[in-house]
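This report describes a protein model through its sheet, its helices, its ligand shell and a few individual residues. The sequence and structure are shown first.

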Amino acid sequence: MELLEAIHGRRSIRMFDGQPIDHELIEEILDSATYAPSRMNTQPWHFHVVTGEARKNVGEVIAMTTSYLEEYIDVLGPDAVEHAARFYADLGAAPVIIGVASFIEEDCNVARDYAVSVGAAVQNVLLAAYAKGVSGCSISSPHWVRDRLSAAFGVKEGWEIISLVLLGYGVEEPHERERHTDVVTYLT
Ligand SMILES: Cc1cc2nc3c(=O)[nH]c(=O)nc-3n(C[C@H](O)[C@H](O)[C@H](O)COP(=O)(O)O)c2cc1C
């Protein structure tokens, strides 16, 4: 698949058929992540891939966040909160959940660069998956259950999960999302 075709065609998919993804394919997709640019080539990422029983454990921790979503009721409204609660309950039956960990960093300037680096790696994962016929969605790591999530993913000391990626074979039509066009300033 052409790179630009993948960039324009990829959409977040949040409902999956639950069928597993071959291990070799997951490895191939994650290999693409490691080619992302990173601050001073620190490659500040580690991918905790959970499937099977481990995915069930992680899913149960993430499902706990449904009880905290009321916090967003003023911003999102009751329907969206209910929808989000249903989604977090089983993460759309995604067979693969990836906890993307980065270094815990006190210096906010460095932490920002790490987050940008991880974002580039996550985009590589989503694009490589899309090119291979696998759907996915990047979602926020629920901060309410941070410690339990770290334990469920087996995150090492000095690292924290900063992003989650769901992968699977999609069973929903992607939503077309309106793109902002007024996002560039040219100076000459
Ligand atoms: C950092 C980040 C956090 C996100 N968090 C969530 C989330 O918690 N739940 C969700 O359903 N989608 C989440 N998304 C997906 C966005 O909603 C989605 O990318 C956006 O609406 C644009 O749609 P598209 O990916 O189909 O182009 C997140 C995306 C990013 C990059």
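The text below proceeds from the sheet to the helices, the ligand and selected residues.

The model is predicted; local features require pLDDT of at least 70 and side-chain atom pairs count only at pLDDT 80 or more, whereas totals for chains, interfaces and linings use all residues. Residues are numbered from 1 along each chain as its sequence is written.

**The sheet**

Four elements build an open sheet: 4 strands in the order 1-2-4-3, with antiparallel pairing. Strand 1 and strand 3 (135–140) stand at the edges, each with a single partner strand, so one side of each has no neighbour in the sheet. On average, neighbouring strands of this sheet are turned by 25° against each other, direction ignored. Helices (H or I, at least four residues) and strands (E, at least two) are DSSP runs numbered from the N terminus, and two strands pair if DSSP finds at least two bridges between them.

Strand 2 (residues 96–103) pairs with strand 1 (residues 46–50) in the antiparallel sense over 5 bridges. Strand 2 is also joined to strand 4 (residues 159–168) by 8 bridges, and these two strands run antiparallel. Individual positions show this arrangement in detail. A101 in strand 2 stands opposite H46, and A101 also stands opposite I161 in strand 4. G99 has L164 of strand 4 as its bridge partner.

How many of the residues of strand 2 are buried? Strand 2 is mostly covered, with 7 of its 8 residues buried. A residue is buried if 20 or more other C-beta atoms lie within 10 Å of its own, exposed if 12 or fewer, and partly exposed in between, with C-beta atoms placed from the backbone.

**Helices**

Helix 6 (residues 108–131) lies across strand 2, strand 3 and strand 4, and runs at about 15° to strand 4. Axes are lines fitted to C-alpha atoms, for helices over the stretch in contact, and angles run from 0 to 180 degrees between N-to-C directions.

Two packed helices are described by the angle between their axes and the distance between the axes. For helix 3 (residues 52–63) and helix 7 (residues 146–153), the axes come within 9 Å and cross at roughly 175°. Helix 3 and helix 7 are therefore roughly antiparallel to each other. Angles under 35 degrees count as roughly parallel, over 145 as roughly antiparallel, 65 to 115 as roughly perpendicular and the rest as oblique. N57, V58 and V61 of helix 3 make the contact with R148, L149, A152 and F153 of helix 7, where two residues are in contact if their C-beta atoms, placed from the backbone, lie within 7 Å. The residues of this contact divide into 5 nonpolar, 1 polar and 1 charged. In this classification Ala, Val, Leu, Ile, Met, Phe, Trp, Tyr, Cys and Pro count as nonpolar, Asp, Glu, Lys and Arg as charged, and the others, Gly among them, as polar.

**The ligand shell**

Which residues surround the ligand? The shell consists of R11, S12, R14, C137, S138, I139, S140, P174 and R177; a residue is near a molecule if its C-beta atom, placed from the backbone, lies within 6 Å of it. The residues of this shell divide into 3 nonpolar, 3 polar and 3 charged.

**Selected residues**

The table gives the environment of five positions.

| Residue | Location | C-beta neighbours within 10 Å | Class |
|---|---|---|---|
| G18 | loop between helix 1 (3–9) and helix 2 | 13 | partly exposed |
| N41 | loop between helix 2 (23–33) and strand 1 | 8 | exposed |
| D90 | helix 5 (residues 78–90) | 15 | partly exposed |
| L91 | loop between helix 5 and strand 2 | 22 | buried |
| T181 | segment after strand 4 | 6 | exposed |

Two of these positions carry an unusual backbone angle for their residue type: N41 has a phi near 50°, a positive value in a residue other than glycine. L91 likewise has a positive phi of about 50° although it is not a glycine.Separations in sequence and in space can be set side by side. The C-alpha atoms of G18 and Y169 are separated by 7.2 Å, with their places 151 residues apart along the chain. Apart from its neighbours within four places in sequence, G18 is in contact with A93 and P95. D90 and S135 are 45 residues apart in sequence and 16 Å apart in space, C-alpha to C-alpha. For T181 and P44, the corresponding values are 137 residues in sequence and 31 Å in space, C-alpha to C-alpha.
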